[in-house]
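The following exchange concerns how terms are assigned in a structural model. Each answer sets a value against its definition.

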Amino acid sequence: MEKIIDIIDSIAHEKGLPPESAKEAFKTAVIQTAKRVICEECDFEVEIDEKNRNYRLFQKITVVPEGDPRLADEPEKYISLQEAKEIDPDVVIGDELTSEVKLEDYGRSAAASLFREIEYHIQRFVEEQMFNKYKVMIGTIVNGPVTRVDSEQNTYIEIEEVRAVLPKRNRIKGESFRVGETVKGILRYVGIDKKFGIHLEISRTMPKFLEELLRQEVPEIADGLVVIEKSARIPGERAKVALMATSPRVDPVGATVGVRGVRINAVSNELHGENIDCIEYSPIPEIFVARSMSPAIIGSVKIEGEKAIVALPSDQKSKAIGKSGINIRLASMLTGFQIELQEIPSTATCTTEDGEKETEKTVNPDALKALFSE
C-alpha cells in the first residue's frame, strides 16, 4: 500500500486521465472496499496525503444516548455518549467521531479487493470520458478500417481506440466491405454497456450523412455561404437536397454541383452511385413543391392543408412520378406534403375560314388506333 498515490498517478498518465479525476476514482474504490470488508452500512471518508504519497481511511461513528437500541443493532456505526466523552469531553449527542482504520489489517483479501475496485473504477472513468468525447460527435462523420464482418453482415470498424459497428440495416443496399478497407459513416448512437463497455453505432443511410459529405466537399457549405435547408434520401438510389444561399452573389446549386459536376459526383461515388438532385429552397410552399418535382415541368401547385395538388401536362407525369415512384416519394419527403398529381389536358388551336381561332381537344390515342385497325 506504500506510495500507492504514485501508482494512481502512473495509471492516470497511462490512461490519459486528469490526476485529480484518477484520485477521485481511487477514493471511491477505497470506500467501496471498506464497505465490503469492514461494514456495508458504515460511512467512510478518504484523505490523500500528498506529502507522503499515501492515504488515510476514516470510519464515521455517530454519538447516541445511553441505552439507544442502535448501539446493540449496529455497534460499528454508533457509540454511546459516555464512551464518546472518554475520547472527546466536548462531544454531544448527534456529533460524528472519526476513527482511522487500515485495510492492511484485514489481510491480503482486502488488498486484492482494493486493487480490483481501483481497476473497475478507473475503467468506468475512462469509459465515461470516452462517452462524453463521442457524445458530442454524434451527427459527424467518422472513419476507420474494417476489423471484422460477422455472419449477419454487420461491419465492425476501428474508430481511434473504440470499435464501432455498422449494422446491415444502416448500410447502403449493394455495399459490401472487406477487412482492412476504410469506411466512412455518420456517428448515430453512443452508449455504455455494463458488460462490453462503450458502444458506437454508425450509419451510411441517414440523410445527415449526405449533408455532412456535402459539407466536406463544398467549401461554400462549410463556410456558411450555402445552407442545406432540407434533404431526403432513398439510400443508394436517389436523393434530393434543398439549398439556399446566404449571399446573392452565390449560386447555391452551381456551387454544390461544381464545375462539370466534380463536387456532387465525389459525394455520389461515396454513396455507392446515389443520384443527387440539388434544388434551390424557397420558403413559399408552392414554389418549393414545384422545384422539388424536378425534372418534371409543373403547371401549378395548390396547397390544401398537408396536401399539395400539383397540376402538370400529361407528358410530364412519368417524370414527376419517376421510376417506381421514387421522384414523387422524395419530393414528398423533402417538402413534408402529401403530393397529388392532376393532369392538364393538352390542347391545340387552329384557324377557321373566318380567321377566328378555334380550340380543339387532343384526340384520345386509343380512338385513333381504332380508326386505323382492321
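Q: What makes arginine 70 and aspartate 68 a salt bridge?
A: A salt bridge requires a side-chain nitrogen of Lys or Arg within 4 Å of a carboxyl oxygen of Asp or Glu. The closest N and O atoms of arginine 70 and aspartate 68 are 3.1 Å apart, so the pair meets this definition. The model is a predicted one, in which local features need pLDDT of at least 70 and side-chain atom pairs count only at pLDDT 80 or more, while totals for chains, interfaces and linings use all residues. Residues are numbered from 1 along each chain as its sequence is written, and side-chain values use heavy atoms, with hydrogens and water left out.

Q: Why is aspartate 68 called buried or exposed?
A: Buried means under 20% relative accessible area, exposed over 50%, and partly exposed in between (1.4 Å probe, protein chains only). Aspartate 68 has 15% relative accessibility and therefore counts as buried. Its partner arginine 70 has 34% and so counts as partly exposed.

Q: How do you know that arginine 204 and glutamate 175 form a salt bridge?
A: Their closest N and O atoms are 2.5 Å apart, which means that the 4 Å limit is satisfied. Arginine 204 lies in the loop between strand 9 and helix 6, and glutamate 175 in the loop between strand 7 and strand 8, so the pair ties together parts that are 29 residues apart in sequence. Arginine 204 is buried at 3% relative accessibility, and glutamate 175 is buried at 7%.

Q: Why is the link of cysteine 39 and cysteine 42 called a disulfide?
A: A disulfide is a pair of cysteine sulfur atoms within 2.5 Å. The S to S distance here is 2.3 Å, so the pair qualifies.

Definitions and conventions:
Helices (H or I, at least four residues) and strands (E, at least two) are DSSP runs, numbered from the N terminus.
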